[in-house]
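Me: I would like to go through this structure by question and answer. Please keep the replies short.

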Amino acid sequence: MLSDSLRRGGAAVVGLAMIAALGAGMAGPAQAADPLKIRFILNWKYQGPQAWFFLADDKGYFKQAGIDIQLDQGAGSGAAVPKVASTAYDAGFGDINAITRFASKNKGRQPVAVYMIYNQTPFVIATPRAAKIMKPKQLEGMTLGAPVNDGAFKLFPAFANIAGIDAGKVSWQHMKPNLRVTMLKQGKVEGVSGYHLTVLFDALRVGMDPDRDLDFMRFADFGMDLYSNAVMVSQELLQKHPDKVKGMVGAINKAFWEVVANPEVGLDAVMRREPLLKRASEKERLMATLKHLILSPEMKKIGMGDTDPARLKRSIDIVTKAFKLERTPDPDEVFQSRFLPPMKDRMG
C-alpha cells in the first residue's frame, strides 16, 4: 500500500528507495527476533525420564530463550553423538563417553557436552540368576545380546579391558531394543547389556521379576566410574550461537527442577507426546532415574548439570586407555560448564 501511494504521487524512484530503506530497517529487528530452530535428538523413544525436555517446550521456556525446538526420538545414547557431529541435529542427549571416543579422532568436529544429567554410571550386564554369573571373567565364552547402538555394548571393550576379560571370547548378538529382554527370557542369549533401569523395566514388561530372576553386573563396581548421558551441542551451535546454548541449558534446568518438585506435571508433558504409554510405569521409570542416576551425592555438592573436573579427567583417561585411542582429548573438548546457570538455580 505504501508503494502504491508513493507511485500515485509521481515519486516512483524516490518511493522505491524509501521502501527499500524502510524494508531494510524493518527486516533487521524482525529477523533478530526470529527464534533459532534447534533440532534436538533424544537418547531413546519418548519416556518418563525425558520429562524435563518436554515440559520446557510446553511451558515456553525454549521460546523465551529465542529457540524453536524440535525434539525427536533417538535410537540409543551412543547414536546421538554422530548425529550431532554430522549436523543432522544441532543438539542432543547422549553418552558423554562416546564424545570422548569421537573427539580423539575428530578434534574440532565433536559435539560438546554442556549439561550433565546422568551423573552416575547406568551400564550393566544382566544375566539369569540361575547362571550365577558374579564375576566379569565368567562372561568369557558366553553369547550376550544388545541393540547395536546400546551405550553399554559400545563401552564393553573398555569394561573388558579394565575388568580383565578377553573381549574376543565374548560373542554378541544384536536385536531390536524391544526384543532384548525377551530373547534373554527365551534363552536365545545368555545375558544382555544395557542401562540398568531400561533392562529392569523391560524385564517387568515381559513378566519377569528382576529381583528374583536377574543378576546385574554394574560396570561401576569393576573400575568404570564414568559419567553418562548429557546434553550436547554441535560445534556450529557452540561457536555461532553461544547465547542460544546458554538459553537452552537454562530452559532444561528450570524444567528439570519443576519435575523434581512435581513429577506429575512432567508426566503430563510425556503423555502429551505419547498417549499410549502407561503413565504409572513411566512414573516409576522417572523416579528410579532420578534416584539412581541423577540425584547423587556429587550432584548435590556441585549442582545439577556440572561435573567434577578430577572425575571427568579420570573418566576420559579410562575411556582413552580402554579403547586404545590415538590421543587423549582435553576435558574442555568433551564438556564445558560455561553455559550453566548460577549455582543457586542448579540446587533445586
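**Contacts, helix packing and core**

Reply: In this predicted model, lysine 137 touches Gly164 and Ile165, leaving out residues up to four places away in sequence.

Me: Which backbone atom does the side chain of lysine 137 reach?

Reply: Lysine 137 sits in the loop between strand E5 (123-128) and strand E6 (143-146). Its C-alpha atom is separated by 7.7 Å from that of alanine 163, 26 residues apart along the chain. The side chain of lysine 137 reaches, at 3.4 Å, the backbone oxygen of glycine 164.

Me: Is lysine 137 buried, partly exposed or exposed?

Reply: Buried requires under 20% relative accessible area and exposed over 50%. Lysine 137 has 48% relative accessibility, so it counts as partly exposed.

Me: How are helices H7 and H16 oriented to each other?

Reply: The axes of H7 (residues 151-163) and H16 (residues 309-322) come within 8 Å and cross at roughly 90 degrees. Angles of 65 to 115 degrees count as roughly perpendicular. H7 and H16 are therefore roughly perpendicular.

Me: Which residues of H16 meet H7?

Reply: On the H7 side, the contact involves Pro157, Ala158, Asn161 and Ile162. The residues of this contact divide into five nonpolar, one polar and one charged. Those from H16 are Ile318, Lys321 and Ala322.

Me: Which helix gives the largest share of the largest nonpolar core?

Reply: This core has 74 residues, and those touching the most other members include Phe40, Trp52, Val231 and Met248. The largest share, nine residues, comes from helix H12 (residues 242-261).

Definitions and conventions. Residues are numbered from 1 along each chain as its sequence is written. This is a predicted model: local features need pLDDT of at least 70, side-chain atom pairs count only at pLDDT 80 or more; totals for chains, interfaces and linings use all residues. Side-chain values use heavy atoms; hydrogens and water are left out. A nonpolar core is a set of buried Ala, Val, Leu, Ile, Met, Phe, Trp, Tyr and Cys residues joined through side-chain atoms within 4.5 Å. Buried means under 20% relative accessible area, exposed over 50%, partly exposed in between (1.4 Å probe, protein chains only). Helices (H or I, at least four residues) and strands (E, at least two) are DSSP runs, numbered from the N terminus. Axes are lines fitted to C-alpha atoms, for helices over the stretch in contact, and angles run from 0 to 180 degrees between N-to-C directions. Angles under 35 degrees count as roughly parallel, over 145 as roughly antiparallel, 65 to 115 as roughly perpendicular and the rest as oblique. Contact means heavy atoms within 4.5 Å. Ala, Val, Leu, Ile, Met, Phe, Trp, Tyr, Cys and Pro count as nonpolar, Asp, Glu, Lys and Arg as charged, and the others, Gly among them, as polar. A polar contact is a pair of N or O atoms within 3.5 Å; within protein, one must be able to donate a hydrogen and the other to accept it, and residues adjacent in sequence count only if both atoms are side-chain atoms.
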